[in-house]
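Q: Please go through the contacts between the chains of this assembly, and set each value against the definition that it rests on.

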Protein chains: 4
Amino acid sequence: MIRIAIIGASGYTGAESIRIILQHSEAELAYLTALPEECGAVEDVFPQFRGRCNLKIEPLDMEKLSGLADVALCCLPHKVSMGFVPKLLDAGLKVVDFSADYRLKDVAVYEKFYQVKHTDTANLAKAVFGLPELFRERIKGSDLVANPGCYPTGALLAVAPLLKEGLIETGSIIVNAVTGISGAGRNPSSKFHFPNMNENMFAYGIGTHRHMPEMEQIAGEIAGSPVKILFQPHAGPFDRGILSTIYCQPKSKVSGEQLARLYNDFYAKEPFVQLCKEPPSVKDVAGTNYCHIFATCVKGKVVVFSAIDNLVKGASGQAIQNMNIIFGLDETLGLA
Amino acid sequence: MIRIAIIGASGYTGAESIRIILQHSEAELAYLTALPEECGAVEDVFPQFRGRCNLKIEPLDMEKLSGLADVALCCLPHKVSMGFVPKLLDAGLKVVDFSADYRLKDVAVYEKFYQVKHTDTANLAKAVFGLPELFRERIKGSDLVANPGCYPTGALLAVAPLLKEGLIETGSIIVNAVTGISGAGRNPSSKFHFPNMNENMFAYGIGTHRHMPEMEQIAGEIAGSPVKILFQPHAGPFDRGILSTIYCQPKSKVSGEQLARLYNDFYAKEPFVQLCKEPPSVKDVAGTNYCHIFATCVKGKVVVFSAIDNLVKGASGQAIQNMNIIFGLDETLGLA
Amino acid sequence: MIRIAIIGASGYTGAESIRIILQHSEAELAYLTALPEECGAVEDVFPQFRGRCNLKIEPLDMEKLSGLADVALCCLPHKVSMGFVPKLLDAGLKVVDFSADYRLKDVAVYEKFYQVKHTDTANLAKAVFGLPELFRERIKGSDLVANPGCYPTGALLAVAPLLKEGLIETGSIIVNAVTGISGAGRNPSSKFHFPNMNENMFAYGIGTHRHMPEMEQIAGEIAGSPVKILFQPHAGPFDRGILSTIYCQPKSKVSGEQLARLYNDFYAKEPFVQLCKEPPSVKDVAGTNYCHIFATCVKGKVVVFSAIDNLVKGASGQAIQNMNIIFGLDETLGLA
Amino acid sequence: MIRIAIIGASGYTGAESIRIILQHSEAELAYLTALPEECGAVEDVFPQFRGRCNLKIEPLDMEKLSGLADVALCCLPHKVSMGFVPKLLDAGLKVVDFSADYRLKDVAVYEKFYQVKHTDTANLAKAVFGLPELFRERIKGSDLVANPGCYPTGALLAVAPLLKEGLIETGSIIVNAVTGISGAGRNPSSKFHFPNMNENMFAYGIGTHRHMPEMEQIAGEIAGSPVKILFQPHAGPFDRGILSTIYCQPKSKVSGEQLARLYNDFYAKEPFVQLCKEPPSVKDVAGTNYCHIFATCVKGKVVVFSAIDNLVKGASGQAIQNMNIIFGLDETLGLA
């Protein structure tokens, strides 16, 4: 059994990780930590686990941790994470990090978008971007996987075949995406107070969202040349899911049939990417690690639709998928 | 034109009062106040009024107020309100107070449930409970109307005919009610954070909700003898509305037809109480000052269902209705 | 008092029209019609009007109608409407038609997208497109106003200043829009069954939505040259509202300040178009006739956001606005 | 591996059964049937299973079935089920039946509430009511288990300790319950059309709901004497969950501590019944087979709150739990 520690277990991604690991046949929860004020019995912090998990969430004790776990899911926020990851690695654990701290290879870009100095550039250089469908081989041997952001996961899976194949103008991509509100985290705020968010919908992060450089970096790596992405996120009145609608300019005329063939080939062996015959629905992927994709042509543009659950394929599920790969397990354990 | 000041205009009941007054043909907004940190142009505090209201919400200045307004809608919270109401009355304004400070005639009950000393018992003695369908005559000549709580409004309108007629055991009433989340006010909290409240429903305030003594006091007044009410509130995943399902033991056998006749007679002339032929829906009263009621017999019990909008008939709409009565206007102005 | 007949009053736009007219000080409901199986007392068809409207919805009787009403709001579906509008005009009524039958000037385009032969091309030629902010003068003298579609209303108000000013490439417009489910009408269907639509979101009508040619026609008229629009609608889990996010290629570099100035000037005198300092929210316009707009620049594109209530500014409210204009009334009556 | 056939797999309980069985380590889907017009590849009927299940849903062929499966989950509607269950039993399968056809032991009561003649009274006599927490021993040796209704499951688990202990007046029980809309099944209807049900809540089935006699029968069996229950269901705007709030008259004074002890003892060994320290939330049990219960005393009444997922503990999960028991498997397989 792989023994898992969750560092920062008191948020939504912590809860979702717990839920998935409880169903995993070859991994188990070993140690759960959080800030002191968020600690307690799992069933008190997350009543949905009453009777399902007898662990406590405790303040992190590095000594205790090192003997207890083989891998850490590090669910800390951006900036905080890079203070802990080096210690976790030093303690001999594999690390799947949920924050952005190890995703952006260009430190200047990181420091611009996150407004903080990067304090662990050594590990940053070694970290692997944990999108298994694109970087499985690298993940296999890695000690530190930077689990992708939720929006980049949905968008990159949707455009990867186009970029790989060189079908589209790399400066033409518009990613219009809508997220469910679990993506905003567990801290209450006015915008996401129920009577304000219910029956509501709005755009945010115009031109400034931190997932934009992340998308561009990985898209550029796939394309083999710089890619410019106009990413516009929106918040929608539902719990889970990201629906991405992506508009691209093809370099030359392409048909729906060509696209279907391209995507089917590209993802033929991927368990968690499913190609649909019509636009996907976020509800169909809610609670699952699947990404549903539909690509077509409209008025000379290629339009690609993708749906994921932001907490699963966009966070905790993908982290478990990465962990499965690191340890040589069947990649779908706990997730299918 | 009646000139209205709203004291504490920055919450949901303030916004709803503004919305209604903007449609009122014989009253107008004259002065809006809030705590300094919640002040600003109305359209910045409440973007839904962009282009519809050019006023500012300002810190309260009693001198400015006294020349500007004929009546104050006092939307301050419990405990705070009784610090301001005496000054508003001294300044010559009529007052409709939204808090509980002037509802409970028994100071000991108030102090037990609200855990604070009552500091304005003189005005408490003079205040009239502002449920027009039951106390219209008293409201007419009043300077200070205690606007009823949202739950008591829905419950009392539902049981008043039974109590007045002496049809039910006064110790047998169970009020099972569900409120929309606007009833929880504008301050964000974990319970009402969208991803926690959405798709959720739960009971709260078991045996301790402050609207219980309010219901009992007024119900007792209607019945002419003490009434005991078991009131159990719940929170439901919608914005507006209170659905009350009320179970009572009749003193002797009663039929659905008798109940229909009783309620039809009792509310024949009431514009805002409508009797239905089937159980009412909260959506049918959302955004309106109406109360929909259906009473029937089931297995020897009388069961009454009522639906109101907690922000309108349960708060701001009823306040305007009271104001209309105080000033001798058509009671339905701004509300029909 | 203007006397209004609603033809096809049993759907959502009928109900919304009734709601607005009940608040109108210079117009009144005179005659409500529907298919025989959908007739009955208004309060039985729409319980939200219990006690607020004593009319019946009756099968249409042209003779009765002609003496009773000055204007018809024709809420019939596409294809059905053009069978009735000529009779309504012959009876001497002004007509505001909610269907698409009189919107598309090019009969071939209409017949392609609606898959039916146009049977009233004579009146089609005379009909005026009822977007008051752009065509107020034409509407004034008109007998037949084609009330715009909900999506075109939101999109055209958003891009009109850009097109009028010639700022953008006319082949570059992408309209990504999300509608609330009231836009799907009152007939139950599997897609919009509550447990299927709740917590869901998806795209539909890819490349085929009938509002696309409508947008292109009017946009072309504004621009003075053909405009190509890639319009992609989505359904979101809320009742009311359309949020449009529109991406355009400017002809030359343009700043956010320039855009703000352009939009402020363009809509300075428009009561129902409000310019925001941040992206608009559908909840802020729900239940109102307002359109909230924000335009900005992102990565070399102009991005415009607009929010309307699909049933009000996108249907019934705009129809009353058109009616007010036709009869020389204050344009905001019943709507402000 | 236990081979499972699902008869009537095209509805919500069929889908939920599929979801659970896909996670079951010792059982597998063997045969899925539905009416011809609802057949097709599982991933076409239920897109959420794309890539997760390669089976087809086919018209029922009894010959094919008999060799393929060890047990049938019969998800057919009331009245239809009793036409098929005898054949399934004759074919040598164990049967867990989701309909009401084998729940009500008194044929006259069945025929009154379901308005149809019972055509399989022989098997009715043998059927066991499948509430494992109360009837586990009987289920073990049974060929035919009548899976309980969703409302009875939530209500009976909540009151069983009180009835078993003889603590309450058996004529005093009021069950006030709210269900999510998945409980209404997959067929679209006007009441549950999204724009009608969203933001709505209402009571229904007043005095006539078919789960009332079911509750009374089993409650009477637990109590050892007839029990009268006033059951009032409501529909609430969420997908999954039943929240029951139950009011009972204790025979003599009882304290919250006594109740806590009673419930803790009664359910000490039950994996799926969890006792809470505060009122339960439907969201905490959504997607799980758990029942959360809280019992307390208010104003002389015992009030019990219970929350289940209507599709899991109220239907498919409980069916799998019953199947696990029948076959001597660990009762929590596929469910924990």
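A: In this predicted model, chain D and chain A bury about 1800 Å² between them, 40% of it on carbon and sulfur atoms, where buried area is the accessible area (1.4 Å probe) that two parts lose on being put together, summed over both. Arg50(D), Arg52(D) and Asp284(D) supply 29% of the area that chain D buries against chain A, more than any other three residues. Residues are numbered from 1 along each chain as its sequence is written, and chains are lettered from A, with ligands numbered from 1, in the order in which they are written. Local features need pLDDT of at least 70 and side-chain atom pairs count only at pLDDT 80 or more, while totals for chains, interfaces and linings use all residues, and side-chain values use heavy atoms, with hydrogens and water left out.

Q: What makes the pair Lys283(A) and Asp239(D) a salt bridge?
A: A salt bridge requires a side-chain nitrogen of Lys or Arg within 4 Å of a carboxyl oxygen of Asp or Glu. The side chains of Lys283(A) and Asp239(D) meet at 2.5 Å, N to O, and therefore satisfy that rule. The count between chain D and chain A is four salt bridges. On the side of chain D that touches chain A, strand E13 (273-275) and helix H12 (282-285) each supply at least two residues, helices (H or I, at least four residues) and strands (E, at least two) being DSSP runs numbered from the N terminus. The residues of that side divide into five nonpolar, seven polar and eight charged, where Ala, Val, Leu, Ile, Met, Phe, Trp, Tyr, Cys and Pro count as nonpolar, Asp, Glu, Lys and Arg as charged, and the others, Gly among them, as polar.

Q: Why is the relation of chain C to chain A called that of a two-fold axis?
A: Chain C can be laid on chain A with an RMSD of 0.0 Å by a turn of 180° and a shift of 0.0 Å along the axis, and that is the relation of a two-fold axis. The copies are superposed by least squares on the C-alpha atoms of residues with pLDDT of at least 70 in both. Of the residues of chain C, Pro237(C) comes closest to the rotation axis, at 3.3 Å (C-alpha).

Q: How do you know through which surface chain C and chain A meet?
A: Since 100% of the interface residues of chain C are also interface residues in chain A, the copies meet through the same surface. This contact, meaning heavy atoms within 4.5 Å, takes 39 residues from chain C and 39 residues from chain A. The area buried between the two chains is about 3400 Å², of which carbon and sulfur atoms give 64%.

Q: What qualifies Glu216(A) and Lys299(C) as a salt bridge?
A: Their closest N and O atoms are 2.2 Å apart, which lies inside the cut-off for a salt bridge. The count between chain C and chain A is two salt bridges. Strand E11 (residues 229-235) of chain C gives the most to the side of chain C that touches chain A, with four residues.

Q: Why does Ile18(D) count as buried or exposed?
A: Buried means under 20% relative accessible area, exposed over 50%, and partly exposed in between (1.4 Å probe, protein chains only). Ile18(D), which lies in helix H1 (residues 12-21) of chain D, has 0% relative accessibility and therefore counts as buried.
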